[in-house]
Amino acid sequence: MFRRAETYNPRMLAQRTLKSLTKAVGVGLHSGQRVELTLRPAAPDTGIVFRRVDLSVPVEIKVNAEAVSDTRLASTISNGGAKVHTIEHLMSACAGLGLDNLYVDITAEEVPILDGSSASFVYLLQSAGIVMQNAPKRFIRVTQPVEVREGEGRGLKWARLDPFHGYKLAFEIEFDHPAVTSTGQRVEFDFGSGQYAREIARARTFGFTRDVEMMRSNGLAMGGGLDNAIVMDDVKVLNADGLRYQDEFVKHKILDAMGDLYVVGKPLLAAYSAFRSGHAMNNQLLRALLARPDAYEIVSFSQEREAPRGFTQLAPAW
Ligand SMILES: [Zn+2]
């Protein structure tokens, strides 16, 4: 007798995980705590699962839109008890490289900030290698526009998803600060360009010295500084090397949005656009989408060539 092998369709667009495990050590942006991170391969349909391995009984928290419990300053996921803070840059790297399945073992409550962008995570994940798995990659295809909106006049902010065969993002910020207004405040990024690692991943988080002082007095941003953020006083950027992109601020908002949206558990096929949105509103947008089963469907591609541009030649798989 022989066991029937699962049918494998070599032409389908397949799920991806890591080839081998990889580790990093850093500090949490808000806690300032030293933290060890181990990224490990996971079986098809596992999704992205954070594991608090510092607890006496390790706790697993699977990433999904409802697990996001706090969106002040950073995105936190929780299973009710254990938490993991500041997941968005690592999630953005996973979205950018098209990783479907991954275990993230972590020895503290916060993902290390590393250089404040997702470039270090991209490097780590690519160094570990990315492999195809014997399971179709599943997408959430948006079929109806979904929008969330808040405030009016100068307080207005909104975010929306529109049907699109592919994945693209447009973000506009409105910062009344000399160092920001002199740079681009609006950026569009088409994931189909294949340029995530080059065009988006290096954009760092940013902050103002006056906010940093206020946050520190509240026990926040304890690990933050010129090594992992763009820091500005009232008129200028304080980092000696300046900006990595001319429009680094708004590009970081695209980086964050990609991470915030990837917590839905599958890549989106949609056009995302936003004005002054942030972690909280991006999560509200996902919840608004999930509350509207008529506005999306789950799809996969049995023929890779039918998938939208960008998803077929993600990160090199070897
Ligand atoms: Zn960020």
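Helices and strands here are DSSP runs, numbered from the N terminus. Everything shown comes from a predicted model.

**View 1. The largest pocket, seen around its centre.** This pocket holds about 1100 Å³ of space. Its lining takes in 44 residues. Zoom in on the middle and you meet Leu73, Thr205, Phe206, Gly207 and Lys253, the lining residues that lie nearest the centre.

**View 2. The elements that line the largest pocket.** Two or more lining residues each come from α1 (88–97), β16 (206–208), α5 (209–217), α6 (248–262) and α7 (279–290). Helix α5 is the top contributor, giving seven residues, the largest share of the lining.

**View 3. The chemistry of the largest pocket's lining.** Sort the lining residues by class and you get 19 nonpolar, 14 polar and 11 charged.

**View 4. The largest cavity, seen around its centre.** Search the whole structure for cavities of 30 Å³ or more and just one turns up. The largest cavity has a volume of about 100 Å³. It is lined by 13 residues, and those closest to its centre are Ala95, Tyr167, Tyr262, Pro267 and Leu268.

**View 5. What the largest cavity's lining is made of.** Helix α6 supplies the largest share of this lining, with three residues. That same helix, α6 (248–262), is also among the elements giving two or more residues to the lining of the largest pocket. By class, the cavity lining comes out as 10 nonpolar residues, two charged ones and one polar one.

Note on methods:
Residues numbered from 1 in each chain as written. Predicted model: local features only at pLDDT ≥ 70, side-chain atom pairs only at ≥ 80, totals over all residues. Heavy atoms only, no water. 1 Å grid on protein atoms, 1.4 Å probe; cavity = no way out; pocket = protein on both sides within 12 Å on 5 of 7 lines; lining within 4 Å. Points joined across faces, edges and corners; volume = space filled by probe spheres on them. Helix = DSSP H or I, 4+ residues; strand = E, 2+ residues; numbered from the N terminus. Nonpolar A, V, L, I, M, F, W, Y, C, P; charged D, E, K, R; others polar.
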